[in-house]
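Work through the exercises below with the sequence and the model open. Each task is followed by a solution in steps.

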Amino acid sequence: MAGDEGLLGVIRMLDDACKDAGFFYVKGHGIPESLLTEVRDVTRKFFHLPHEEKLKIKMTPQSGYRGYQRVGENVTKGKPDMHEAIDCYTPIEPGKYGALAKPMEGSNLWPDHPPNFDALLENYISLLRDLSRKIMRGIALALGAPLDAFEGGTAGDPFWVLRLIGYPVSADIPQEQRTDTGCGAHTDYG
């Protein structure tokens with residue numbers, strides 16, 4: 001790898017982005033544009049379903065906080081957010097991490113409609129996990145560490161989050177409680 005100028009260039013860009021900007025945008029990642037379009041389309045189809053259908057996968061504490069969240073349920077700085085979402089996380093087997101992880105135990109909730117939703121999203125998540133692993137390997141090399149520094153016992157069991165978001169306007173929320181953005185300004189964990 002030491003002689004691969006293309007790879008070394010990417011590692012330098014990752015290093016610069018992490019040091020200078022604190023974030024980066026990944027392009028040329030290898031996930032087919034056709035799959036991105038399919039994910040976007042199937043997600044839009046779900047968000048256009050009747051409310052009762054979406055509630056079949058409602059997010060609850062019992063679901064490990066996975067599932068559907070209607071418009072206004074997510075609150076940022078005291079104001080309901082003008083979006084609906086499906087939250088997906090790393091599946092966690094009961095007892096795997098002890099009492100600390102108990103609230104997050106469970107599997108993702110997939111809707112029955114559209115019928116290909118679960119297979120499509122599971123494929124997409126798999127490709128994103130592979131891409132994330134490659135990025136972490138690049139960051140390890142940028143830090144002067146071995147390629148697998150973030151694998152195995154150090155960070156080989158990552159916790160991932162995927163949030164599918166729709167931004168409809170909801171008449172269910174009084175005008176005075178609406179915000180002008182889909183989600184208020186915030187800082188994410190991690």
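**Exercise 1.** Find which backbone atom the side chain of asparagine 108 reaches, and describe the surroundings of asparagine 108.

Solution.
Step 1. The side chain of asparagine 108 reaches the backbone nitrogen of tyrosine 89 at 2.8 Å. This is a polar contact, that is, a pair of N or O atoms within 3.5 Å; within protein, one must be able to donate a hydrogen and the other to accept it, and residues adjacent in sequence count only if both atoms are side-chain atoms.
Step 2. With its side chain, asparagine 108 also makes a polar contact to the side chain of arginine 66, at 3.5 Å.
Step 3. Place the residue: asparagine 108 belongs to the loop between β4 and α4. Helices (H or I, at least four residues) and strands (E, at least two) are DSSP runs, numbered from the N terminus.
Step 4. The relative accessible area of asparagine 108 is 13%, so asparagine 108 is buried (buried means under 20% relative accessible area, exposed over 50%, partly exposed in between, with a 1.4 Å probe and protein chains only).
Step 5. Not counting residues up to four places away in sequence, asparagine 108 touches Arg66, Asp87, Cys88, Tyr89, Pro91 and Trp160; contact means heavy atoms within 4.5 Å.

The model is predicted: local features need pLDDT of at least 70, side-chain atom pairs count only at pLDDT 80 or more, and totals for chains, interfaces and linings use all residues. Residues are numbered from 1 along each chain as its sequence is written, and side-chain values use heavy atoms, with hydrogens and water left out.

**Exercise 2.** Decide whether aspartate 87 is buried or exposed, and list its contacts.

Solution.
Step 1. Aspartate 87 sits in strand β4 (residues 84-89).
Step 2. Its relative accessible area is 8%, so aspartate 87 is buried.
Step 3. Leaving aside neighbours within four places in sequence, aspartate 87 is in contact with Met59, Tyr65, Arg66, Gly67, Asn108, Leu162 and Arg163.
Step 4. The side chains of aspartate 87 and tyrosine 89 form a polar contact at 3.3 Å.

**Exercise 3.** Check the span of α1 against its number of residues, then inspect its ends and its packing.

Solution.
Step 1. The expected span of a helix is 1.5 Å times one less than its number of residues.
Step 2. For the 17 residues of α1 this gives 24 Å, and the end C-alpha atoms are 23 Å apart, so the two values agree.
Step 3. At the N-terminal end of α1, aspartate 4 acts as a cap, with a side-chain oxygen 3.1 Å from the backbone nitrogen of glycine 6. Just after α1, glycine 22 has a positive phi of about 90°.
Step 4. Gly9, Ile11, Leu14, Asp15 and Ala17 are the buried residues of α1, and they pack against α4.

**Exercise 4.** Do the same for α4.

Solution.
Step 1. α4 has 26 residues and reaches 37 Å from its first C-alpha to its last, close to the expected 38 Å.
Step 2. The buried residues of α4, among them Phe117, Leu131 and Ala140, pack against α1, α2 (33-47), β4 and β5 (161-166).
Step 3. Just after α4, glycine 144 takes a positive phi of about 80°.

**Exercise 5.** Place these elements in the whole protein.

Solution.
Step 1. The protein has four helices and five strands.
Step 2. Along the sequence they follow the pattern α-α-α-β-β-β-β-α-β.
Step 3. Of the 190 residues, 34% are buried.
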